[in-house]
Amino acid sequence: MSNFKTVFNQYNWDDMLQSIFNKTAADVENALSKNKLDLEDFKALISPAAKPFLEQMAQKSRMLTKKRFGNTIQMYAPMYLSNECQNICTYCGFSFTNKIPRRTLTDAEILKEVAFLKAKGYDHILLVTGEANRTVGVDYIKNAIELIRSQFSNITIEVQPLDQDEYELLIESGLYAVLVYQETYHQEEYKKHHPKGKKSNFEYRLETPDRLGKAGIHKVGLGALFGLEDWRADSFFTALHLKYMQKTYWKTKYSISFPRLRPHSGGLEPKVEMTDADLVQLICAFRMLDEDVELSMSTRESEVFRNNIVNLGATSMSAESKTNPGGYSVEPQSLEQFEISDERSTEEIVAMLKGQGLEVVWKDWEQFG
């Protein structure tokens, strides 16, 4: 059975970037006129040539989102279990070289954080850890899932890439979805940003969604960290990855996230700036490429941006996020992975969404009867 690496190796980064920049206004108009888009159309919609068409793209994206998802926004909350990490990553506050206090939550502390989130109404939770196999390996993650399984309809994780049999074990324990971002699909740049640790293995990370698909996961989240490399090329390879996964593992659902580099301890300045208009363009392009894919918007983005994007293509969002272990109730002052931009409370976000005529969905599908 083939894997994404085989597909990926057929494409050259520089050639794809040049191809995107070569797209014309006529290519954009052609893409806008079609109901079913291919990856060439997607290139046109993320190209500089599409900038004058942003309003038309936004209108079409809004229409497609409403048609497929109605006036709903799914709410979720991230819960950081540990900031211990063996990787050196240039852009992350948890990087091994950052001299920060490390902590991993105990069962009692996990339950205290859960109680806070349940009181706010959350029924979808994202468990996040650094990548430290000895302290927050599969056994720790499995225990955490089983500990809180009865409290949530959906449990998602964002942790180190695992082997297929390890994913199968976690799925049996109650795991619903896994987010695994490639960070950047530029192989040489990837090595510069991940010089040490298991994460430095570009190909192992690249093949993680394949292992998830083979394990039978319900949902996979893909994405790149914008700012490490040219966002247009990274977005093309994310779309290529999405289309491959949908074709190969067609029973699995998919989501796309759009994280932009945010300030953190020992911060890295973005190599390539992605403006708000660029991000709107990209979100609309993904919606037109695939009207079924879930598009997620985190609290990395500003209040104003998130207020506007919820009507243009986003289908799920977090609120009141804490990116430090125990940040909700156990130890609010511990060091964050990155700075939050939208710091409004859950109640304020819900009021904003309702004010825009949107229905907040806390629970839309239950995995366990």
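Contact here means heavy atoms within 4.5 Å, and I keep that meaning in mind for everything I note below about residues that touch.

**Entry 1: the whole chain**

I began with the contacts in the protein chain that have a separation of 6 or more, and I found that residues 24 or more positions apart account for 75% of them. I should write down early that this is a predicted model. When I looked up the secondary structure, I found 16 helices and 9 strands in the protein chain. I then checked burial, and of the 369 residues in the protein chain, 60% are buried. The chain exposes about 14900 Å², and 48% of this area is supplied by carbon and sulfur atoms.

**Entry 2: the nonpolar cores**

Which residues touch the most other members of the largest nonpolar core? I found that this core has 104 residues, and that Leu127, Phe258, Phe286 and Leu353 are the ones with the most such partners. Another core, of 6 residues, lies apart from it, and Tyr80, Leu126, Leu179 and Tyr181 are among its members. I followed Leu127 further and, leaving out residues up to four places away in sequence, I listed its partners, including Met79, Leu81, Ala144, Ile148 and Val159. Thr156 and Glu158 are also among the residues that Leu127 touches.

**Entry 3: Val280 and its helix**

I next looked up Val280, which lies in helix H14, residues 276-289. Is Val280 buried or exposed? Its relative accessible area is 15%, and buried means under 20%, so Val280 counts as buried. Not counting residues up to four places away in sequence, Val280 touches Leu54, Phe305, Ile309 and Leu312. For one of these partners, Leu312, I also noted the C-alpha to C-alpha distance to Val280, which is 8.2 Å, although the two are 32 residues apart in sequence.

**Entry 4: two helices packed on H14**

Two packed helices are described by the angle between their axes and the distance between the axes, and I looked up both values for each pair.

Helix H5, residues 54-69, packs with H14 at an angle of about 45°, and their axes are 9 Å apart. That angle makes H5 oblique to H14, and the crossing of the two is left-handed. Where H5 meets H14, I found Leu54, Met57 and Leu64 among the residues from H5, and Val280, Ile283 and Met288 among those from H14.

Helix H13, residues 231-248, packs with H14 at an angle of about 20°, with 12 Å between their axes. Angles under 35 degrees count as roughly parallel, so H13 and H14 are described in that way. The crossing of H13 and H14 is right-handed. Among the residues that meet here are Trp231, Ala239 and Leu242 in H13, and Leu282, Phe286 and Leu289 in H14. Phe286 had already come up in my second entry, as one of the residues touching the most other members of the largest core.

**Entry 5: two glutamates with positive phi**

Finally I looked at backbone angles, and I noted that Glu183 has a phi near 75°, a positive value in a residue other than glycine. Where does Glu183 lie? I found Glu183 in the loop between strand E4 (177-179) and helix H10 (187-193). With a relative accessibility of 8%, Glu183 counts as buried.

Glu320 is not a glycine either, and its phi is positive, about 60°. I located Glu320 in the loop between strand E8 (316-318) and helix H16 (346-355). Its relative accessible area is 15%, and I therefore recorded Glu320 as buried.

Methods. Residues are numbered from 1 along each chain as its sequence is written. This is a predicted model: local features need pLDDT of at least 70, side-chain atom pairs count only at pLDDT 80 or more; totals for chains, interfaces and linings use all residues. Side-chain values use heavy atoms; hydrogens and water are left out. A nonpolar core is a set of buried Ala, Val, Leu, Ile, Met, Phe, Trp, Tyr and Cys residues joined through side-chain atoms within 4.5 Å. Buried means under 20% relative accessible area, exposed over 50%, partly exposed in between (1.4 Å probe, protein chains only). Helices (H or I, at least four residues) and strands (E, at least two) are DSSP runs, numbered from the N terminus. Accessible areas come from the Shrake-Rupley method with a 1.4 Å probe; for residues, only the protein chains shown count as cover. Axes are lines fitted to C-alpha atoms, for helices over the stretch in contact, and angles run from 0 to 180 degrees between N-to-C directions. Angles under 35 degrees count as roughly parallel, over 145 as roughly antiparallel, 65 to 115 as roughly perpendicular and the rest as oblique. A crossing is left-handed if the near helix is turned anticlockwise from the far one by less than a right angle, and right-handed if clockwise.
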